[in-house]
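Let's go through this one by question and answer, with the chain open in your viewer. Have a look around first, then read on.

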Amino acid sequence: MSDPVRTADSADRSLGQLVATATAEMSALMHDEIALAKAELRQDAKRVGIGGGAIGIAGVFALFSLPVLSFAAAYGIHNLGLGLAWSFLIVGGAFLLLAGLLALLAVRKFKKVKPPEKTIASAKETAAVLQSVKPHPRQVGDKAAVVARSST
């Protein structure tokens, strides 16, 4: 947030100039707040992307394991021995183990996602400052009052 320049002639500025300055400062403040929010959300979006990719890959491996395990069960019932069926079970079990590891990775990535704390804190600080601002009281001997009296 930038500080307005306080000079000797700042009291001579018109109401329109003061409103324009205040509007420009508020606009700059809002742009800074939005930039901060974008930066924080970009980090969380990467985490969500990695976690979502891991979940997707885990789902693919789980789907691959279903036909393998089905074949293994069918051959196991048919053979009732240590033949071809056991090899299908080992492959299916490996797919499920890999899917479980990827799901665990995804859960860890999703737990690291948090709200944009810096943006929230900055916005609360800005709101507190704006609520404490009071209008500057006009003095009786103000130049505007002198000009108004002299023109009548």
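Q: Is Val133 buried or exposed?
A: This is a predicted model, and Val133 sits in the loop between α3 (117-132) and α4 (143-151). Its relative accessible area is 53%. The cut-off for exposed is over 50%, so Val133 lands in that class: exposed.

Q: What is the approximate area of the nonpolar surface patch that Val133 helps make?
A: Val133 joins Met26, Val129 and Leu130 in this patch. Patch members need over 30% relative accessible area, and Val133 has 53%. Together the four residues make a nonpolar patch of about 320 Å².

Q: Which residue forms a salt bridge with Arg47?
A: Side chains of opposite charge can pair when their charged atoms come close. The cut-off here is 4 Å between a side-chain nitrogen and a carboxyl oxygen, and by that rule the count comes to one salt bridge. For Arg47 the closest N and O atoms are 3.1 Å apart, and the partner is Asp44.

Q: Why are Arg47 and Asp44 placed about one helical turn apart, and which helix holds them?
A: Both belong to one helix, spanning residues 15-79. They are separated by about one helical turn because they are three residues apart in that helix, α1.

Q: Of the two salt-bridge partners, what is the relative accessibility of Asp44?
A: Arg47 counts as partly exposed, at 28%. Asp44, on the other hand, counts as buried, which means under 20%. Its value is 10%.

Q: Which backbone oxygen does the side chain of Ser65 reach?
A: Ser65 is in helix α1, and it's buried, with a relative accessible area of 1%. Its side chain comes to 2.7 Å from a backbone oxygen, inside the 3.5 Å cut-off for a polar contact. That oxygen belongs to Ala62.

Q: Which residues does Ser65 touch, leaving out those up to four places away in sequence?
A: Ser65 is buried, at 1% relative accessible area. Contact here takes heavy atoms within 4.5 Å. Beyond its sequence neighbours, Ser65 touches Gly92, Phe95 and Leu96.

Q: How far apart in space are the C-alpha atoms of Pro67 and Gly92?
A: Pro67 is in helix α1 and counts as partly exposed at 40% relative accessibility. Along the chain, Pro67 and Gly92 are 25 residues apart. In space, their C-alpha atoms are separated by 8.5 Å.

Notes
Residues numbered from 1 in each chain as written. Predicted model: local features only at pLDDT ≥ 70, side-chain atom pairs only at ≥ 80, totals over all residues. Heavy atoms only, no water. Helix = DSSP H or I, 4+ residues; strand = E, 2+ residues; numbered from the N terminus. Buried < 20%, exposed > 50% of the residue type's maximum accessible area, 1.4 Å probe, protein only. Polar contact = N/O pair within 3.5 Å; in protein donor to acceptor, adjacent residues only side chain to side chain. Patch = residues over 30% accessible without salt bridge, like charges linked within 9 Å, V, L, I, M, F, W, Y side chains within 5 Å. Areas by Shrake-Rupley, 256 points an atom, 1.4 Å probe, with all protein chains shown as cover.
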